[in-house]
Amino acid sequence: MTSMRVYTDSNITPEPWMAYGACLETGGEIFFPAVGDVETAERARAICDGCDVRNQCLTYALERREKYGIWGSTNERQRRRILKGQP
Ligand code: SF4
């Protein structure tokens with residue numbers, strides 16, 4: 001079985017776009033870097049930057065107010081800013 005990050009969380013209902021995520025190739029661990037682990041976060045974001053479903057992923061995370069991890073090339077702080085309408 002593939003180990004795309006979104007399929008590893010039992011709280012998440014898989015959606016069709018998830019089958020096209022670039023993280024299908026990498027597994028999910030790096031998308032939840034430890035606090036302060038900038039290097040791992042940047043590796044995850046670089047994968048997202050080349051992902052065909054980046055926009056869908058970000059929309060999904062914003063709609064669900066995902067508090068943890070890298071989604072659609074954003075971290076938690078960046079998503080909070082987007083939701084607040086801040087640049
Ligand atoms: S944007 Fe990133 S986390 Fe989202 S599906 Fe693509 S690779 Fe995975």
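This passage describes the fold, the buried residues, the loop between the second and third helices, and the largest pocket of a predicted model.

The chain contains three helices and zero strands, and the order of its elements from the N terminus is α-α-α. Of the 87 residues in the chain, 36% are buried. When contacts between residues at least 6 apart in sequence are considered, 41% of them join residues that are at least 24 apart.

The segment before α1 contains Trp 17, which has a relative accessibility of 12% and therefore counts as buried, the limit for that class being under 20%. Once the neighbours within four places in sequence are set aside, the contacts of Trp 17 are with Val 53, Gln 56, Cys 57 and Tyr 60. A further relation across the sequence links Trp 17 with Asp 52, for these two residues are 35 residues apart in sequence while their C-alpha atoms are 9.1 Å apart in space.

Two of the residues touched by Trp 17, Cys 57 and Tyr 60, also belong to the buried set of α2, which consists of Cys 57, Leu 58, Tyr 60, Ala 61 and Leu 62. The cover over these buried residues of α2 includes α3. In general terms, an α-helix has 3.6 residues a turn, so residues three or four places apart point the same way. Cys 57 itself has a relative accessible area of 10% and is buried, and Cys 23 is likewise buried, with a value of 9%. A search of the whole structure nevertheless returns zero disulfides.

The helix α2 spans residues 54-63, and just after it Arg 65 adopts a positive phi of about 50°. Arg 65 is placed in the loop between α2 and α3, and its positive phi occurs in a residue other than glycine. With a relative accessible area of 53%, Arg 65 is exposed, because the class begins over 50%.

Ser 73 lies in the loop between α2 and α3 as well, and its phi, near 70°, is again positive in a residue other than glycine. In its surroundings, however, Ser 73 contrasts with Arg 65, since Ser 73 is buried at a relative accessible area of 3% whereas Arg 65 is exposed at 53%. Apart from neighbours within four places in sequence, Ser 73 is in contact with Arg 45, Cys 48, Asp 49, Arg 54 and Gln 78. Of these partners, Arg 45, Cys 48 and Asp 49 fall within the range of α1, residues 38-49, Arg 54 falls within α2, and Gln 78 falls within α3, residues 76-84.

The loop between α2 and α3 also holds Trp 71, which is buried, with a relative accessible area of 1%. The side chain of Trp 71 reaches the backbone oxygen of Tyr 68 at 3.0 Å. Trp 71 is also placed 5.6 Å from Leu 58, C-alpha to C-alpha, although the two are 13 residues apart in sequence, and Leu 58 is itself one of the buried residues of α2.

At the start of α3, a side-chain oxygen of Asn 75 comes to within 3.2 Å of the backbone nitrogen of Arg 77. At the other end, α3 is followed by Gly 85, for which phi is positive and near 75°.

The largest pocket has a volume of about 360 Å³. Its lining comprises 17 residues, and those that lie nearest its centre are Pro 33, Val 35, Gly 36, Asn 75 and Glu 76. Asn 75 thus appears both among these central lining residues and in the polar approach to Arg 77 at the start of α3. Both α1 and α3 supply at least two residues each to the lining, and the largest share, four residues, comes from α1. By residue class, the lining divides into eight nonpolar, three polar and six charged residues.

Note on methods. Residues are numbered from 1 along each chain as its sequence is written. This is a predicted model: local features need pLDDT of at least 70, side-chain atom pairs count only at pLDDT 80 or more; totals for chains, interfaces and linings use all residues. Side-chain values use heavy atoms; hydrogens and water are left out. On a 1 Å grid over the protein atoms alone, a cavity is a set of points where a 1.4 Å probe fits but cannot get out, and a pocket is an open set with protein on both sides within 12 Å along at least five of seven lines; lining residues have an atom within 4 Å of a point. Grid points are joined across faces, edges and corners, and a volume is the space filled by probe spheres set on the points. Ala, Val, Leu, Ile, Met, Phe, Trp, Tyr, Cys and Pro count as nonpolar, Asp, Glu, Lys and Arg as charged, and the others, Gly among them, as polar. Buried means under 20% relative accessible area, exposed over 50%, partly exposed in between (1.4 Å probe, protein chains only). Contact means heavy atoms within 4.5 Å. A polar contact is a pair of N or O atoms within 3.5 Å; within protein, one must be able to donate a hydrogen and the other to accept it, and residues adjacent in sequence count only if both atoms are side-chain atoms. A disulfide is a pair of cysteine sulfur atoms within 2.5 Å.
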